[in-house]
Amino acid sequence: LLFPVLVPRPSLSLHPSQGVSLGDTVTLRCHLPRLAAWVWLYWEGGWFYSKGKEKEQDAAEFLFVSTFREHASRYWCQYWVFESTEVSVESDPVELVLTDLRYPPSSISLHPEQHVGTGTNVTISCWNKDYGATFLLHKDGSSAPIQRQESSGGDTATFTLFGVTPADSGTYRCSYRPKNYSFLSSPLGDSVMLEVTPTPAPPGRYKPPSAYPQ
């Protein structure tokens, strides 16, 4: 029998890690020590892939030459050291989210306006039609969505940015995950721009000491 023991835990990475559409090529790379090992790649639904890794290699690669809907899932990996009973624990999972261009992009609006002062609460609304979905709010320059929300009433979500500062300035877009397809995504939709103006500091009460009389 094989039981997890204290060998280093593997890690799993996606290449590319984001912006992958159906039909694109994706590599899942399981990183582990330089040991001769047998590596398993698991995905939700009970399926798995396996392959051997040479001692000189520091990762085992699993290649999807052309991704299908079925590849959109959560993955993790594990390994067994050859000629031993040493089996690692499972890696942390990674999610392969595939963009399906058949879904129309969502619409977006911003309130109260593009130019606001520091401390203002800003709402960004996203909507689509008939796709009852989970919406995600993206900010250009951020690698991951900054907020996510289940749609209210099936086709709309409202995100609130509380007490904005100049760091919140930027371009925002929405995407959505269709109902029952957690790892499929619509393309990014149209954008809105937010510009936050710093609020001048209130006049200080400090007065410099007056010069001593000569």
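Over how many bridges do β5 and strand β6 pair, and in which sense? In this predicted model, β5 and strand β6 (residues 48–53) pair in the antiparallel sense, and six bridges connect them. Within this pairing, Trp40 stands opposite Ser50 in β6. Four residues lie between the two strands of the hairpin, and one residue of this hairpin, Gly45, takes a positive phi near 110°. Strand β5 also pairs with strand β8 (residues 73–81), again in the antiparallel sense, here over seven bridges, and in this second pairing Trp43 stands opposite Tyr75 in β8. Strand β5 itself, which spans residues 37–43, is mostly covered, with six of its seven residues buried.

A three-stranded open sheet is arranged in the order β2-β4-β7, and its pairing is antiparallel. Because β2 and β7 (59–64) stand at the edges and each has a single partner strand, one side of each is left without a neighbour in the sheet. From one strand to the next, the twist of this sheet averages 20°. Strand β4 (residues 26–31) is joined to β7 by six bridges, the two strands running antiparallel, and the bridge partner of Arg29 in β7 is Glu61. On the edge strand β2, which covers residues 11–15, lies Ser13. Ser13 has a relative accessibility of 18% and therefore counts as buried, the limit for this class being under 20%. The side chain of Ser13 makes a polar contact, at 2.7 Å, with the side chain of His15.

A second open sheet is made of five strands in the order β13-β20-β18-β15-β16, with mixed pairing. Its edges are formed by β13 (115–117) and β16 (147–150), each of which has a single partner strand, so that one side of each is left without a neighbour in the sheet. The twist here averages 30° from one strand to the next. Within the sheet, strand β18 (residues 170–178) and strand β20 (residues 191–197) run antiparallel and are joined by four bridges, and Gly170 has Leu194 as its bridge partner in β20.

Attention now turns to the open space in the model. The largest pocket holds about 560 Å³ of space. Its lining comprises 22 residues, of which Gln18, Gly19, His138, Ser143 and Pro145 are the closest to the pocket centre. At least two lining residues are supplied by each of β10 (94–96), β15 (133–139) and β18. When the lining of the largest pocket is divided by class, nine residues are nonpolar, 10 are polar and three are charged. Strands β15 and β18 thus appear both in the order of the five-stranded sheet and among the strands that contribute to the pocket lining.

Several backbone features are also of note. Most residues other than glycine have a negative phi, and most peptide bonds are trans. Against this background, the peptide bond from His15 to Pro16 is cis, with omega near -5°, and Pro16 lies in the loop between β2 and β3 (20–21). A cis peptide bond is also found from His111 to Pro112, where omega is near 10°; Pro112 lies in the loop between β12 (107–111) and β13. Positive phi values occur in residues that are not glycine, including Glu83, with phi near 55°, and Asn180, with a phi of about 75°. Glu83 is placed in the loop between β8 and β9 (86–87), and with a relative accessible area of 84% this residue is exposed. Asn180 is located in the loop between β18 and β19 (184–185), where, at 70% relative accessibility, Asn180 likewise counts as exposed.

What is the accessibility of Asp100, and is this residue buried or exposed? Asp100 belongs to the loop between β11 (98–99) and β12, yet its relative accessibility is 2%, so Asp100 counts as buried. The C-alpha atoms of Asp100 and Ser186 are 5.7 Å apart in space, although 86 residues separate the two in sequence.

Terms used
Residues numbered from 1 in each chain as written. Predicted model: local features only at pLDDT ≥ 70, side-chain atom pairs only at ≥ 80, totals over all residues. Heavy atoms only, no water. Pairing = 2+ DSSP bridges. Axes fitted to C-alpha atoms, helices over the stretch in contact; angles between N-to-C directions. 1 Å grid on protein atoms, 1.4 Å probe; cavity = no way out; pocket = protein on both sides within 12 Å on 5 of 7 lines; lining within 4 Å. Points joined across faces, edges and corners; volume = space filled by probe spheres on them. Nonpolar A, V, L, I, M, F, W, Y, C, P; charged D, E, K, R; others polar. Buried < 20%, exposed > 50% of the residue type's maximum accessible area, 1.4 Å probe, protein only. Polar contact = N/O pair within 3.5 Å; in protein donor to acceptor, adjacent residues only side chain to side chain.
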